[in-house]
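Here is a walk through one chain, going from a small charged cluster out to the overall fold. Keep the viewer open as you read.

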Amino acid sequence: MSGVWGWFGGQSAQSKKDSPKNAILGLRSQLEMLQKRERHLQTQMDEQENIARKNVTTNKNAAKAALRRKKQHEHTLEQTTAQIATLEQQIYSIEAANINRETLAAMEKAGQAMAAIHGKLNIDKVDETMDKLREQHALGEEIANAITSTPLGETVDEGELEEELSNLEQEAVDNKMLGTGTVPVSDQVNRLPTVSNGELKGKQLEAEDDEEEELRKLQAEMAM
């Protein structure tokens, strides 16, 4: 049955894959045989030419027969050379076709792999996913702002803080003006040293005596 199906194209995948390889091997084997035949014919032609040269003056019939055989070999050599060129072209064509087939098969596998990776993805699905990501990012930003902007514990009255700060500033100014502590101005005045009336009169008399003494000295200098 397998032979019958082979006749009707029912070859297995492996046999189809090996078909180009087997064809190339067969052609190369035939090409090698023709190349050997080509070398052999060339040798035969050289031998017949040498025979003709040797007998050209002594035995013209032998020389002519040798040239006739050379012509026959030459004609066969031309046919063999043409066959070699045909086989080489066929080998090149099969190799190129096989490479194209393998390249196409690799590209098909790559396409199948990409299709499997993408699966049910489409542009609408991608847009939907990106919208969800943007929404979650915006939500995260809102949560972060709420956490950092909301104070914890009891709120402090800003007015009380300003009043307390003003009192501290005034206290600092008073301390700087008084020079020491927080003693009231009236206490500073009361602590100033007091001077008695007797002491003031004594100091006035001493000043008058000094003036009289200076005046007498000036009069004595002028009299001189």
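## A shared glutamate

K70 and E49 bring their side chains together in a salt bridge, with N and O 3.3 Å apart. Bear in mind that this is a predicted model. K70 sits in helix α3 and E49 in helix α2, so this pair ties together parts that are 21 residues apart in sequence. E49 has another partner too: R53 forms a salt bridge with E49, and there the closest N and O atoms are 3.0 Å apart. Through these shared partners, E49, R53 and K70 are joined into one network.

The R53 link is a local one. R53 and E49 both belong to helix α2 and are four residues apart, about one turn of the helix. How open are they to the surroundings? R53 has 57% relative accessibility, over the 50% cut-off, so it counts as exposed. E49 comes in at 24%, which is between 20% and 50% and therefore partly exposed. K70, in turn, is among the buried residues of α3.

## Another tie between α2 and α3

Which residue does R28 pair with? R28 forms a salt bridge with E95, and their closest N and O atoms are 2.7 Å apart. R28 lies in helix α2 (residues 13-55) and E95 in helix α3 (residues 60-118), so this salt bridge ties together parts that are 67 residues apart in sequence.

Neither end is buried: R28 has 41% relative accessibility and so counts as partly exposed, and E95, at 27%, is partly exposed as well. The full count of salt bridges comes to six.

## Helix α3, end to end

α3 has 59 residues, and its first and last C-alpha atoms are 86 Å apart, close to the 87 Å expected at 1.5 Å a residue. Which residues of α3 are buried? The list runs A63, A66, K70, H73, L77, T80, I84, L87 and I91. So K70, seen above in the salt bridge with E49, appears in this list alongside side chains such as L77 and I84.

Just after α3, G119 takes a positive phi of about 55 degrees.

## Helix α4 and its nonpolar patch

Helix α4 covers residues 123-149. At its start, a side-chain oxygen of N122 reaches to within 3.2 Å of the backbone nitrogen of D124. Does the length of α4 fit or clash with the expected rise, and why? At 1.5 Å a residue, its 27 residues should span 39 Å, and the end C-alpha atoms are 39 Å apart, so the two agree.

I123, V126, M130 and L133 make a nonpolar surface patch of about 370 Å². One of them, M130, lies in helix α4. With 38% relative accessibility, M130 counts as partly exposed.

## The whole chain

How many helices and strands are there? The secondary structure comes to seven helices and zero strands, so to speak α-α-α-α-α-α-α when read along the sequence. Buried residues make up 9% of the 224 residues in the chain.

The exposed area is about 19,200 Å², with carbon and sulfur atoms supplying 56% of it. As for contacts, take those between residues at least 6 apart in sequence: 68% of them join residues at least 24 apart.

Notes
Residues are numbered from 1 along each chain as its sequence is written. This is a predicted model: local features need pLDDT of at least 70, side-chain atom pairs count only at pLDDT 80 or more; totals for chains, interfaces and linings use all residues. Side-chain values use heavy atoms; hydrogens and water are left out. Helices (H or I, at least four residues) and strands (E, at least two) are DSSP runs, numbered from the N terminus. The expected span of a helix is 1.5 Å times one less than its number of residues. A polar contact is a pair of N or O atoms within 3.5 Å; within protein, one must be able to donate a hydrogen and the other to accept it, and residues adjacent in sequence count only if both atoms are side-chain atoms. A salt bridge is a side-chain nitrogen of Lys or Arg within 4 Å of a carboxyl oxygen of Asp or Glu. Buried means under 20% relative accessible area, exposed over 50%, partly exposed in between (1.4 Å probe, protein chains only). Contact means heavy atoms within 4.5 Å. Accessible areas come from the Shrake-Rupley method with a 1.4 Å probe; for residues, only the protein chains shown count as cover. Patches are made of residues with over 30% relative accessible area and no salt bridge: like charges are joined within 9 Å, nonpolar side chains (Val, Leu, Ile, Met, Phe, Trp, Tyr) within 5 Å.
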